[in-house]
Amino acid sequence: MAWLLEGTADMGNMNDIFDTSRKTLQDVEKRLEMPRREFLQFCATLAATMGLPAGAEAAVAKAVEAAKRPSVIWLHFQECTGCSESLLRAEHPTLEKLILDVISLDYHETLMAAAGHQAEAARKAAMKANKGKYVLVVEGAIPTKANGIYCKIGGQTAIDMVKECAADAAAVIAIGSCASWGGMPSTIPSISGADSSPTGSAGVAEILGKPVMTIPGCPPNPYNFLAAVVHFLTFGKLPELDKLGRPKFAYSRLIHENCERRAHFDAGRFAMEFGDSGHRQGYCLYKLGCKGPETYANCSTLGFGDAGENNWPVGCGHPCIGCTEKGVGFTKPIHQVAKMLNVAPPLQYPRIVEEQGKAASFASAAAVAAVAGAAAGAAVMLTRNLGLSHAAEEAERAKAAGKSADDKAGA
Ligand code: SF4
């Protein structure tokens with residue numbers, strides 16, 4: 001796994017992965033059964049997802065048309081298969097074609113026709129034939145308690161299987177929150193004395209004892225996975241990763257920074273209950289427990305399922321649950337208000353009276369500085385007040401509830 005996290009491919013492998021013979025777009029058109037225009041549009045989408053500059057789609061298209069299909073072994077452990085379902089349910093007409101034609105999916109328990117011993121034999125054969133060159137994708141957490149007996153496949157524990165498959169892989173990708181850091185199965189039950197999940201679920205990096213590329217989410221956006229794979233095909237290296245192994249192109253900004261409801265947050269317009277008038281008018285969901293302010297992901301800009309704009313939890317009216325963040329998703333109560341990691345209220349408002357024709361003076365510069373300082377102070381106050389106003393509303397509700405109980409008792 002020479003290029004696992006260094007960000008640079010083992011170039012010895014690259015000749016095996018790339019077919020150096022000249023291929024044309026017509027060849028790709030035929031191979032993928034996809035119109036050329038659609039193929040180029042797809043490459044442009046992936047290039048944009050990766051944050052590449054204009055024109056990079058040509059390099060992406062060249063890499064995809066020239067690449068041999070890298071062998072992919074996809075393991076399933078403690079999970080709901082939602083990551084695979086998300087990938088397959090994407091409505092983009094070319095995605096299924098690309099995932100089946102750009103990569104060679106040699107082992108995937110949900111999708112492969114083989115079953116039982118035949119399936120395991122196919123995995124071993126693919127590993128042997130592509131030793132040091134295949135990509136290992138892991139979906140699901142790995143149980144560690146009782147020597148891992150809570151998840152066995154073909155008589156082998158998930159712990160042993162992931163170690164065996166990772167040993168000769170060119171790269172390991174943990175897809176979904178469960179494989180990335182334990183996700184839902186790692187939730188500690190709220191019973192007294194519990195200090196770990198019932199099965200001791202862990203992420204792939206913890207089991208292998210080394211960092212791997214992670215694409216967390218429940219489910220993750222399929223384009224983030226595909227863009228990471230195509231980045232490798234295009235540049236011969238993995239995309240730049242953050243300290244949790246997540247591609248920076250997808251996980252470097254808070255959801256809150258680009259949320260379509262952000263203007264309501266800044267203006268102090270919040271939905272207070274599901275179905276109230278604020279909720280119906282699309283107000284900010286912060287007070288319903290939205291974790292967008294402490295969750296890094298590109299859900300607010302990428303959307304899901306190619307089903308048009310606003311197709312993501314907050315767009316559909318549900319608060320973000322922070323599924324990409326360890327310690328937030330499946331850990332913090334859904335309706336607990338989020339911690340403000342990066343408060344950035346509007347630094348300026350439209351001027352009502354615009355003075356014309358005057359050069360900047362020391363006084364005006366000082367005034368601007370004072371406004372900026374006030375804005376920074378306002379950010380701190382905003383954070384404080386959000387918590388206070390929420391607490392005040394809770395107290396008000398409790399008081400009202402107590403009063404009505406008293407009224408009933410008196411009646
Ligand atoms: Fe959007 Fe949630 Fe931030 Fe409100 S708190 S602006 S709904 S991300």
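Visitor: How do the residues of the shell around the ligand divide into nonpolar, polar and charged?

Guide: This is a predicted model: local features need pLDDT of at least 70, side-chain atom pairs count only at pLDDT 80 or more, and totals for chains, interfaces and linings use all residues. Residues are numbered from 1 along each chain as its sequence is written. Ala, Val, Leu, Ile, Met, Phe, Trp, Tyr, Cys and Pro count as nonpolar, Asp, Glu, Lys and Arg as charged, and the others, Gly among them, as polar. The shell divides into 10 nonpolar, two polar and two charged.

Visitor: Which residues are closest to the ligand?

Guide: A residue is near the ligand if its C-beta atom, placed from the backbone, lies within 6 Å of it. In this model 14 residues surround the ligand. The closest are His256, Cys259, Cys284, Cys290 and Gly292.

Visitor: What share of the protein is buried?

Guide: Buried means 20 or more other C-beta atoms within 10 Å of a residue's own; 12 or fewer is exposed, in between is partly exposed, and C-beta atoms are placed from the backbone. The protein has 411 residues. The buried share is 38%.

Visitor: Which helix gives the largest share of the largest nonpolar core?

Guide: A nonpolar core is a set of buried Ala, Val, Leu, Ile, Met, Phe, Trp, Tyr and Cys residues joined through C-beta atoms within 7 Å. The largest has 84 residues. Helices (H or I, at least four residues) and strands (E, at least two) are DSSP runs, numbered from the N terminus. The largest share, nine residues, comes from H11.

Visitor: Where does this core lie?

Guide: Domain bounds come from an automatic or database assignment. Residues of both domains join this core, so it lies between domain 1 (11-249) and domain 2 (255-349 + 371-400).

Visitor: Which residues does Val162 touch?

Guide: Val162 is among the core residues with the most contacts inside it. Contact means C-beta atoms, placed from the backbone, within 7 Å. Not counting residues up to four places away in sequence, Val162 touches Leu75, Val138, Ile142, Val204 and Ile207.

Visitor: How many residues of H11 are buried?

Guide: H11 is largely enclosed by the rest of the structure. That follows because the buried count is 13 of the 14 residues.

Visitor: Is Trp312 buried or exposed?

Guide: Trp312 is in the loop between H15 (299-302) and H16 (362-410). Leaving aside neighbours within four places, its contacts are Cys299, Ser300, Gly303 and Phe304. Because Trp312 has 23 C-beta neighbours inside 10 Å, it counts as buried.

Notes
Two residues are in contact if their C-beta atoms, placed from the backbone, lie within 7 Å.
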